[in-house]
Number of protein chains: 2
Amino acid sequence: MTVKIEDVAERAGVSVTTVSRVMNNRGAISEKTREKVMEAIHELDYHPSQIARNLFKQKSHIIGVIVPDVSHNFYGSEVKHIERNLCEAGYRLLLCNTKQQKTLEQDYIDMLQCNKVDGIIIASHTQESEAYQQLHLPLVSIDRNLGADIPVVSSNHYQGGILAAEELLRCQCKTVVQVVCDTSIPKPSDERHIAFKTRLGEAGIRCEEINIPLNTFDFDDYIKVSNTLFDTYPKVDGVFCADNIACAVLKTAVQREYAVPKQMKIVGYDGNDIAKMVTPTLTTIRQQTEIIAKTAVDILLRRVEGSEVTGTYKIPVQFVQGETTAV
Amino acid sequence: MTVKIEDVAERAGVSVTTVSRVMNNRGAISEKTREKVMEAIHELDYHPSQIARNLFKQKSHIIGVIVPDVSHNFYGSEVKHIERNLCEAGYRLLLCNTKQQKTLEQDYIDMLQCNKVDGIIIASHTQESEAYQQLHLPLVSIDRNLGADIPVVSSNHYQGGILAAEELLRCQCKTVVQVVCDTSIPKPSDERHIAFKTRLGEAGIRCEEINIPLNTFDFDDYIKVSNTLFDTYPKVDGVFCADNIACAVLKTAVQREYAVPKQMKIVGYDGNDIAKMVTPTLTTIRQQTEIIAKTAVDILLRRVEGSEVTGTYKIPVQFVQGETTAV
């Protein structure tokens, strides 16, 4: 049997309105009445329906978070930190994995709208930007450009590209290859590839590129890309790519008897635990997922509360010295 | 401006009751009226408040999922598959990371109760079982024993322990160590440690044990455990532990110049991508997270719909041959 507000009122010997006033801390209530009501709530183990209260308040205190795949270490880390920050602010996280499928993403947007979430954090998109701009919901994007009015939080990828280039220049690499994620959807992380290539070019080093589709998460695909890399550029002596791909490059290098770091250097990007787990440890550019998450939540909740926050927020990256570029 | 059901009724030239009947597919409605209402819904871009409808139905179609840390690869994989299965059944996932803190877990339980979720899947617990049994909500546990009435879904850990022991026996290991997670809270996964030790004992091989607190997720802690392992048992030639710890053992072995697999064999447990990412590739016992998740969701939704489902569900594990036990 579900306990109702009427049961609490009856037990406390007061009106329903009085119970409601106590619960919402509104109106003049004597301390004695307050105590009686709280006692009745406690004795009956009464949990007021949040749904009913939210209907009144027109707020659900639920935030939708859309990621391609929560089991990928970068998104897993983002979701963990987003949830922590939302929780501390009294909000809950409704999780959506799109697997990067267009129809699924549209289904989620419709669903979130029907459920009247208070806002959405998007770290994945395959939809046209218009779909998001028509949403009439506070939005914040992580690492995606969804339109002028939608704030974007991302790492300072330009800084990341420069740091990676300078490390490979320091190691005197001559034949450098970077693995580039599909750039057909323009996004902040493209800047790291441009900055990397430009910085090498300034130093007279040509940078070759191998392409990989956006959000490829299968390690076997990384192994295929690595094999293509070595087949196409057998003289490669410097590689820059995401950490998970770097692990595949490292593995392929061992199989093909390229000594790392002696003959070939690798700089990763992301800075998850995986960089520490492999041998030799990856040199990597660490994205501060905890600060990206906190910033995205802060901005979203300000928008939920009615502030007009827009703009682009670039969070510094960190250079982490590992063994794949030690000299 | 939010579109209301009254606006749809006005546009379609029918009563609110008729609109509601069309939306809920109830009562006799002519095809012509149905079309008029659907057209009005479409033209006005009307999204009925799910909250209002759920208040009526007394169902939120939201399921709470409690894990210690979604950024850990095992839990990330479980959450991904749970979300996929819930989504297909028309439910949404409210995510709770407890970080294994007792007060946080209690807060989440209170919060989920207030939000009237339809049920909870728990893959983490620090609370006394009574706290869960008093919940009056459909529950399913993954890998935790929460009481006789609460169904448990887990891998067949007994089978996993036997498979690991037999692989190290096949490799003729003589000094075997397993890393054991804290057993002070009894749980299904304890069986793998018991089965492993027993099977080795039957073959006349003694199994040593190194303990690690439950849900230690920091790689630096795994490195410490690995160093303790080698310091305590320098003659070790066979190790059995979770994949993430196995990566630390592998790394420490290289540093201490133990050749793997020549001098020392390692069998992991979990079977996430990490097993493929390191060199040599880990031999591991794979937990079928996709089937565990599907089973947990199926059982929970049957309970949500009122069925009395209880019992223990053991999902077979799979032996994955890697290079850390190749001979």
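**View 1. A salt bridge about one helical turn long in helix H9 of chain B.** B:Glu202 and B:Arg199 lie three residues apart in helix H9 (residues 190–202) of chain B, so about one helical turn separates them; helices (H or I, at least four residues) and strands (E, at least two) are DSSP runs, numbered from the N terminus. The two side chains form a salt bridge whose closest N and O atoms are 3.6 Å apart, where a salt bridge is a side-chain nitrogen of Lys or Arg within 4 Å of a carboxyl oxygen of Asp or Glu. B:Glu202 counts as exposed at 59% relative accessibility, whereas B:Arg199 is partly exposed, with a relative accessible area of 21%; buried means under 20% relative accessible area, exposed over 50%, and partly exposed in between (1.4 Å probe, protein chains only). In chain A, salt bridges that share partners join A:Glu166, A:Arg199 and A:Glu202 into one network.

This is a predicted model, in which local features need pLDDT of at least 70 and side-chain atom pairs count only at pLDDT 80 or more, while totals for chains, interfaces and linings use all residues. Residues are numbered from 1 along each chain as its sequence is written, chains are lettered from A and ligands numbered from 1 in the order in which they are written, and side-chain values use heavy atoms, with hydrogens and water left out.

**View 2. A salt bridge within helix H8 of chain B.** B:Glu167 and B:Arg170 are both part of helix H8 (residues 157–170) of chain B, where they stand three residues apart, about one turn of the helix. Their salt bridge has its closest N and O atoms 2.8 Å apart. B:Glu167 is buried, with a relative accessible area of 6%, but B:Arg170 is partly exposed, at 44%.

**View 3. A salt bridge linking distant parts of chain A.** The side chains of A:Glu43 and A:Arg11 meet in a salt bridge at 2.6 Å, N to O. A:Glu43 belongs to helix H3 (residues 31–44) and A:Arg11 to helix H1 (residues 5–12) of chain A, and the two are 32 residues apart. A:Glu43 is partly exposed, with a relative accessible area of 44%, and A:Arg11 is also partly exposed, at 49%. Over all chains, the structure holds 32 salt bridges.

**View 4. A buried glutamate without a salt bridge.** A:Glu78 is found in helix H5 (residues 73–88) of chain A. A:Glu78 is buried yet has no salt bridge, and the nearest side chain of opposite charge, A:Arg286, is 9.4 Å away; here Lys and Arg count as positive and Asp and Glu as negative, while His and the chain ends are not counted. Leaving aside residues up to four places away in sequence, A:Glu78 touches A:Ile142, A:Thr289, A:Ile292 and A:Ala293, contact meaning heavy atoms within 4.5 Å.

**View 5. The interface of chain B and chain A.** Each of the two chains gives 50 residues to the contact. The area buried between them is about 4,600 Å², of which carbon and sulfur atoms give 61%; buried area is the accessible area (1.4 Å probe) that two parts lose on being put together, summed over both. Four salt bridges cross this interface, and A:Lys276 forms a salt bridge with B:Asp220, with the closest N and O atoms 3.6 Å apart. On the side of chain B that touches chain A, the largest share, seven residues, comes from H5(B).
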